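Biologist: I would like a close look at how the parts of this chain are packed against one another. Please describe the packing in one connected account, with the individual residues involved.

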Amino acid sequence: EFYFDADARTVTPLVAIEGVDDQTHAKLMQLVDRNGRNAEQARAQLARALMRSGREETGRAMYAQAFDATSSRSPLRSALHWHFAWDLYRVGHHAEALDQWRQALDGRLVRPSWAPPTLAIALWSNGRRDEAVQWYAAAVRTEPTQWNDPARYPALLPDWTEAERRTLAEVFAAWRAAPPAWP
């Protein structure tokens, strides 16, 4: 149950071309249209930009294209699931986000360090409080000095929003009030 692996492959930003402006998005579309090298990353980067700009339906379609174009054995596959999950979570689709995070984990030998805190907020947001606390307990057992104080969250989770860190602090409070037994 101890999660020590950094899993940089999954949590790495999906960037084919640096930038977030319209010109960058046009270049990404050219990469996608040509279906050349980095086309999958271009699709993923464009999908994230679309989701973040409020164009959820188009972003979902672009993610679907990225999944269709990426082999199930591709190292990019788990990163696609992880990033899509965050985009879904941030627009309020917590159950779908949880499913995507589970797919990022599915069948992998790596036991990623991102899983306990991430699954804890996803489960908490889905009303599955007991499971969320158990995942948080796994994070604490793995790295007790990191996860025993919510004041550390900004340093530990710099890409998380304040709202996401507050949700994790709620999980922390529930864990602290009644830590689950561990065999």
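Modeller: In this predicted model, helices α3 and α4 cross with a left-handed sense. Residues 39-52 form α3 and residues 56-69 form α4. Their axes come within 8 Å and cross at roughly 160°. An angle over 145 degrees counts as roughly antiparallel, and α3 and α4 are therefore roughly antiparallel to each other.

On the α3 side, the contact is made by E40, R43, A44, L46, A47, R48, L50 and M51. On the α4 side, the partners are E56, T58, G59, R60, M62, Y63, Q65, A66 and A69. By class, this contact has nine nonpolar, three polar and five charged residues. Among the nonpolar participants are L46, L50 and M51 from α3, together with M62 and A66 from α4. T58, G59 and Q65 of α4 fall in the polar class. The charged residues include E40, R43 and R48 on α3, and E56 and R60 on α4. An α-helix has 3.6 residues a turn, so residues three or four places apart point the same way.

One of the α4 residues in this contact is A69. Leaving aside residues up to four places away in sequence, A69 touches E40 and R43, and both of these belong to the α3 side of the contact. A69 counts as partly exposed because its relative accessibility is 32%, and partly exposed covers the range between 20% and 50%. The C-alpha atoms of A69 and A39 lie 8.7 Å apart, with these positions 30 residues apart in the numbering. The pair D21 and M51 has the separation of 30 residues in sequence too, and there the C-alpha to C-alpha distance is 14 Å. D21 is placed in the loop between α1 (8-11) and α2 (22-34). Since its relative accessibility is 39%, D21 counts as partly exposed.

Helix α5 (residues 75-90) also reaches this region, through D87. D87 counts as buried because its relative accessibility is 3%, and the limit for buried is under 20%. The side chain of D87 makes a polar contact with the side chain of R48 at 3.0 Å. A further polar contact, of 2.5 Å, joins the side chains of D87 and Y63. R48 belongs to the α3 side and Y63 to the α4 side of the contact described above, so that D87 has a polar partner on each of these helices. With residues up to four places away set aside, D87 touches R48, M51, R52 and Y63.

Another part of the packing concerns helix α7, which spans residues 115-125 and is mostly covered. Of its 11 residues, 10 are buried. The buried residues are A115, P116, P117, T118, L119, A120, I121, A122, L123 and W124. Their cover includes α5, α6 (94-105), α8 (129-142), α9 (144-147) and α11 (162-177). T118 may serve as an example from α7. T118 is buried because its relative accessible area is 3%. Not counting residues up to four places away in sequence, T118 touches W86, W101 and W160. W86 lies within the residue range of α5, and W101 within that of α6. Just after α7, G127 takes a positive phi of about 80°.

Two of the helices that cover α7, namely α8 and α11, also pack against each other. Their axes come within 9 Å and cross at roughly 85°. That makes α8 roughly perpendicular to α11, since angles of 65 to 115 degrees count as roughly perpendicular. A132, V133, Y136, A137 and V140 in α8 meet L168, V171, F172, A174 and W175 in α11. By class, this contact has 10 nonpolar, no polar and no charged residues.

V171, which lies in helix α11, takes part in this meeting with α8. V171 counts as buried because its relative accessibility is 0%. Beyond residues up to four places away in sequence, V171 touches A120, W124, A132, V133 and Y136. A120 and W124 are among the buried residues of α7, while A132, V133 and Y136 belong to α8. V171 and A42 are 129 residues apart along the chain, and their C-alpha atoms are separated by 35 Å. A42 falls within the residue range of α3, the helix with which this account began.

Conventions: Residues numbered from 1 in each chain as written. Predicted model: local features only at pLDDT ≥ 70, side-chain atom pairs only at ≥ 80, totals over all residues. Heavy atoms only, no water. Axes fitted to C-alpha atoms, helices over the stretch in contact; angles between N-to-C directions. Helix = DSSP H or I, 4+ residues; strand = E, 2+ residues; numbered from the N terminus. Parallel < 35°, antiparallel > 145°, perpendicular 65-115°, else oblique. Left-handed = near helix turned anticlockwise from the far one by under 90°. Contact = heavy atoms within 4.5 Å. Buried < 20%, exposed > 50% of the residue type's maximum accessible area, 1.4 Å probe, protein only. Polar contact = N/O pair within 3.5 Å; in protein donor to acceptor, adjacent residues only side chain to side chain.
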